[in-house]
Amino acid sequence: MTVRKPKPSAKETFMRTLRLDHSRLSRVFREIDVQQAVLQSNAEEARAVLLEAMDYLLHYQDDCHHARENQLFERIAVRMPRFEKDMRGLMREHEKGLLHDTEIAKDLSDSSPRQLEGPRGRVLGRRLREHVAHARAHIRREEEVFYAHAEDELAAADWTDLMRQASMDDPLS
């Protein structure tokens, strides 16, 4: 006799997707850490990997993942007005992150390996470290505070609507 697992609820699917995104982003951040550390000694290879990582951040994290989170944050702000200011702050951080991702990608793209072996590479490495540190802190705040509240407070209809609006594809999955 085959026992069928019940189909996951919209809430379970949506939240699992967000947490998987964060797990994948963590892997990308680890690779950025590794590559920025060798940027000056192996600029050509590090630059190529960093450009791919930035492309992922720009096209998946910024376009899809943050769009899902922003929809969730909007819903939390409506259901729990005490968090509206915090939700707006996280959404502004998403916008700032997109700006930083865009600038870093452009600087990497516009820099030759030779330029990256000098002061320009040191500055870019520092910017990458700071950006990744900020992104990790941002993710911790999202998961520790707001994801938990969303799971406790949103209704089944909220989750169904969120699933209907969301793009769930990740190129790393």
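Let me start with helix α2, residues 43-79, and helix α6, residues 156-165: their axes come within 10 Å and cross at roughly 155°. This is a predicted model, so please keep that in mind throughout. Angles over 145 degrees count as roughly antiparallel, and α2 and α6 are therefore roughly antiparallel to each other. The crossing of α2 past α6 is right-handed. On the α2 side, the contact involves Gln71, Leu72, Arg75 and Arg79, and on the α6 side Asp158, Trp159, Asp161, Leu162 and Gln165. By type, the contact of α2 with α6 has four charged residues, three nonpolar and two polar.

Now the partner of α2 on another side of the discussion, α5. How do the axes of α2 and α5 cross? They come within 13 Å, at roughly 25°. Angles under 35 degrees count as roughly parallel, so α2 and α5 are roughly parallel to each other. Their crossing is left-handed. From α2, the residues in contact are Leu50, Met54, His65, Glu69, Leu72, Phe73 and Ile76, and from α5 they are Leu128, His138, Glu142, Phe146, Tyr147 and Ala150. The contact of α2 with α5 divides into nine nonpolar residues, two polar and two charged. Leu72 of α2 is worth marking on your structure: Leu72 is listed in the contact with α6 and also in the contact with α5.

Next, α5 by itself. Helix α5 covers residues 119-153, which is 35 residues. At 1.5 Å a residue α5 should span 51 Å, and its end C-alpha atoms are 50 Å apart, so the two values agree. There is also a kink in α5, of about 35°, centred on Glu143.

Back to α6, with a second neighbour. Helix α1, residues 10-37, packs against α6 at an angle of about 50°, and the axes are 8 Å apart. That angle makes α1 oblique to α6. Here α1 passes α6 in a left-handed crossing. Which residues make this contact? Ala10, Lys11, Thr13, Phe14 and Met15 do so from α1, and Trp159, Thr160, Leu162 and Met163 from α6. Sorted by type, the contact of α1 with α6 holds six nonpolar residues, two polar and one charged. Two names come back on the α6 side: Trp159 and Leu162 appear in the contact with α1 and in the contact with α2.

Finally, the chain overall. It has six helices and zero strands, so to speak in sequence order, the pattern reads α-α-α-α-α-α. The C-alpha atoms fill a box of roughly 60 × 50 × 25 Å along the principal axes.

To recap the pairs: α2 and α6 are roughly antiparallel, α2 and α5 are roughly parallel, and α1 is oblique to α6.

Key: Residues are numbered from 1 along each chain as its sequence is written. This is a predicted model: local features need pLDDT of at least 70, side-chain atom pairs count only at pLDDT 80 or more; totals for chains, interfaces and linings use all residues. Side-chain values use heavy atoms; hydrogens and water are left out. Helices (H or I, at least four residues) and strands (E, at least two) are DSSP runs, numbered from the N terminus. The expected span of a helix is 1.5 Å times one less than its number of residues. The bend at a residue is the angle between axes fitted to the seven residues ending there and the seven starting there. Axes are lines fitted to C-alpha atoms, for helices over the stretch in contact, and angles run from 0 to 180 degrees between N-to-C directions. Angles under 35 degrees count as roughly parallel, over 145 as roughly antiparallel, 65 to 115 as roughly perpendicular and the rest as oblique. A crossing is left-handed if the near helix is turned anticlockwise from the far one by less than a right angle, and right-handed if clockwise. Contact means heavy atoms within 4.5 Å. Ala, Val, Leu, Ile, Met, Phe, Trp, Tyr, Cys and Pro count as nonpolar, Asp, Glu, Lys and Arg as charged, and the others, Gly among them, as polar.
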